[in-house]
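Student: Could you pick one part of this model and look at it closely for me? After that, I'd like to hear how the surroundings fit together, in one go.

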Amino acid sequence: MIALYFSGTGNSKFVAETMADHLGGVAYSIEAAMDFDALMVQTDTILVSYPVYASRVPKIMRDFVTAHRNGFRNKKLIILCTQMMYSGDGAKAFYHLVADCNVDVRYADHINMPNNIPNIPMVTIKDSEYHRKLRLAARKLKTIADRIQKGQKFLKGWGVLGSALGRVQRPIPDAQYDAKHVDAFLVSEDCIRCGLCVKHCPAKNLSMEAEGVTSHHRCTLCFRCVNLCPAKACTVMLHKPVRRQYRKLLPTVMSSNAGSDIQKEDSL
Ligand SMILES: Cc1cc2nc3c(=O)[nH]c(=O)nc-3n(C[C@H](O)[C@H](O)[C@H](O)COP(=O)(O)O)c2cc1C
Ligand code: SF4
Ligand code: SF4
């Protein structure tokens, strides 16, 4: 079994790695530079993990599926998306991407994890909430692994209600949603030009130019830059002041110098 994940701020990586441990597989980030076609052909079961964005699969994950769709053909599939609290049919949204690949979905579920949007009033992340949610998620993942090993099938959000709730959050098609948000990144005058957002953006959306950090119409909405920025100068979609950043698992998804690139007291 292999687990393929995209994770903006660490939650979905936690899910993929925990499940890979339970099921005796290996977890890989889709950001890694590797031959995924060769990897996928060698396994009969693929677990995917990703954060839901308004009940959608992130654009970067959808693009990965488009690039490697043959790798999903005739596979057993386990879909575990992560969310703050609600996505209706966030797991089934992935199934729609590969429905024509003769996949056998063995298990699909939504895992509640800490919110990673640090500028919505009321739902910023307190330490106690982080620990509580992670404990509950770890317990749920163990139960899921036990069920999968017993051959039990479960498809969260596959029914009429799940689809209806998902559609409420997805009133427009993915392509239209992407077009609306590829320029969602904004940088304020508080930027100190440290370059961290440029270095760690998974969509390679940012560059440092003479006039400052510049966005190139490729934002995948992951909020990594928003939570990472030492000056709280990045905002995405919601251009309100950034409050308490979600950095608990962030070092685990940064491409290099994971521990040292962000302030020590905020890291794991
Ligand atoms: C742009 C965006 C949209 C989101 N939409 C939802 C949502 O519809 N429902 C929900 O419960 N959580 C939502 N979240 C919260 C994330 O899905 C959640 O925190 C996730 O576990 C983050 O995973 P990651 O750390 O692997 O990136 C959203 C987060 C972002 C950044
Ligand atoms: S991380 Fe923040 S301070 Fe650093 S370059 Fe990006 S916007 Fe500027
Ligand atoms: S600009 Fe920020 S939110 Fe957008 S993809 Fe890059 S790191 Fe993620």
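**Starting from one helix**

Tutor: Let's start with helix 3, whose buried residues are Lys59, Met61, Arg62 and Phe64. Keep in mind that this is a predicted model. Helix 3 spans 59-67, and the cover over its buried residues includes strand 3 (45-51), helix 4 (92-98) and helix 7 (174-181).

Now step back to the whole chain, which is divided into domain 1 (2-169) and domain 2 (175-256). The C-alpha centres of these two domains lie 23 Å apart. Where the domains touch, domain 1 contributes 23 residues and domain 2 contributes 25. Here helix 3 turns up again: on the side of domain 1 that touches domain 2, helix 1 and helix 3 each supply at least two residues. Helix 1 gives the most to that side, with three residues. By class, that side of domain 1 has ten nonpolar, nine polar and four charged residues.

Helix 1 is worth following further. Ligand 1 has 25 residues around it, and the closest are Gly8, Asn11, Ser12, Pro51 and Gln83. Helix 1 (11-23) and strand 4 (76-83) are the elements that give two or more residues to this shell. Where does ligand 1 lie with respect to domain 1 and domain 2? Both domains give residues to its shell, so ligand 1 lies between them. As for chemistry, the shell around ligand 1 has twelve nonpolar residues, 13 polar ones and no charged ones.

Strand 4 leads us to the sheet. Six strands make up an open sheet in the order 2-1-3-4-5-6, with parallel pairing. At the edges stand strand 2 (26-29) and strand 6 (154-155), each with a single partner strand, so one side of each has no neighbour in the sheet. Strand 3, part of the cover over the buried residues of helix 3, comes between strand 1 and strand 4 in that order. Strand 4 runs parallel to strand 5 (residues 104-112), and eight bridges join the two. One residue to look for here is Leu77, whose bridge partner in strand 5 is Val105.

The packing behind all this is worth a look too. The largest nonpolar core has 61 residues, of which Ala3, Tyr5, Ile79 and Cys197 touch the most other members. Helix 1 gives the most to this core, with five residues. Both domains take part, since the core draws at least three residues from each of domain 1 and domain 2.

Cys197 is a handy way into domain 2. Setting aside neighbours within four places in sequence, Cys197 is in contact with Leu206, Val213, Cys225, Leu228, Cys229 and Cys234. Cys197 is also among the closest residues to ligand 2, along with Cys191, Cys194, Cys229 and Ala231. In total, 15 residues surround ligand 2, and they divide into 13 nonpolar, one polar and one charged. Ligand 3 has 14 residues around it, and Cys201, Ala203, Cys219, Cys222 and Cys225 come nearest. Its shell has eleven nonpolar, two polar and one charged residues.

Two of the contacts of Cys197, Leu206 and Val213, point us to a hairpin. Strand 8 (residues 206-209) and strand 9 (residues 212-215) run antiparallel and are joined by four bridges. Two residues separate these strands in the hairpin. Across the pair, Ser207 stands opposite Thr214 in strand 9.

Past strand 9, the loop that leads to helix 9 (224-228) contains Leu221. Phe223 is found in the loop between strand 9 and helix 9 as well. What is the sign of phi at Leu221, which is not a glycine? It is positive, at about 70 degrees. Phe223 has a positive phi of about 70 degrees too, although it is not a glycine. For context, most residues other than glycine have a negative phi. Are these residues buried or exposed? Leu221 is buried because 24 other C-beta atoms lie within 10 Å, and Phe223 is buried because it has 28 other C-beta atoms within 10 Å.

For contrast, try Ser163, which sits in helix 6 (residues 160-169). With 15 other C-beta atoms within 10 Å, Ser163 is partly exposed. Ser163 is 74 residues from Asp89 in sequence, yet their C-alpha atoms are 5.5 Å apart in space.

Definitions and conventions
Residues numbered from 1 in each chain as written. Chains lettered and ligands numbered in written order. Predicted model: local features only at pLDDT ≥ 70, side-chain atom pairs only at ≥ 80, totals over all residues. Near = placed C-beta within 6 Å. Nonpolar A, V, L, I, M, F, W, Y, C, P; charged D, E, K, R; others polar. Domains from an automatic or database assignment. Contact = placed C-beta atoms within 7 Å. Core = buried A, V, L, I, M, F, W, Y, C linked by C-beta atoms within 7 Å. Buried ≥ 20, exposed ≤ 12 C-beta atoms within 10 Å, placed from the backbone. Pairing = 2+ DSSP bridges.
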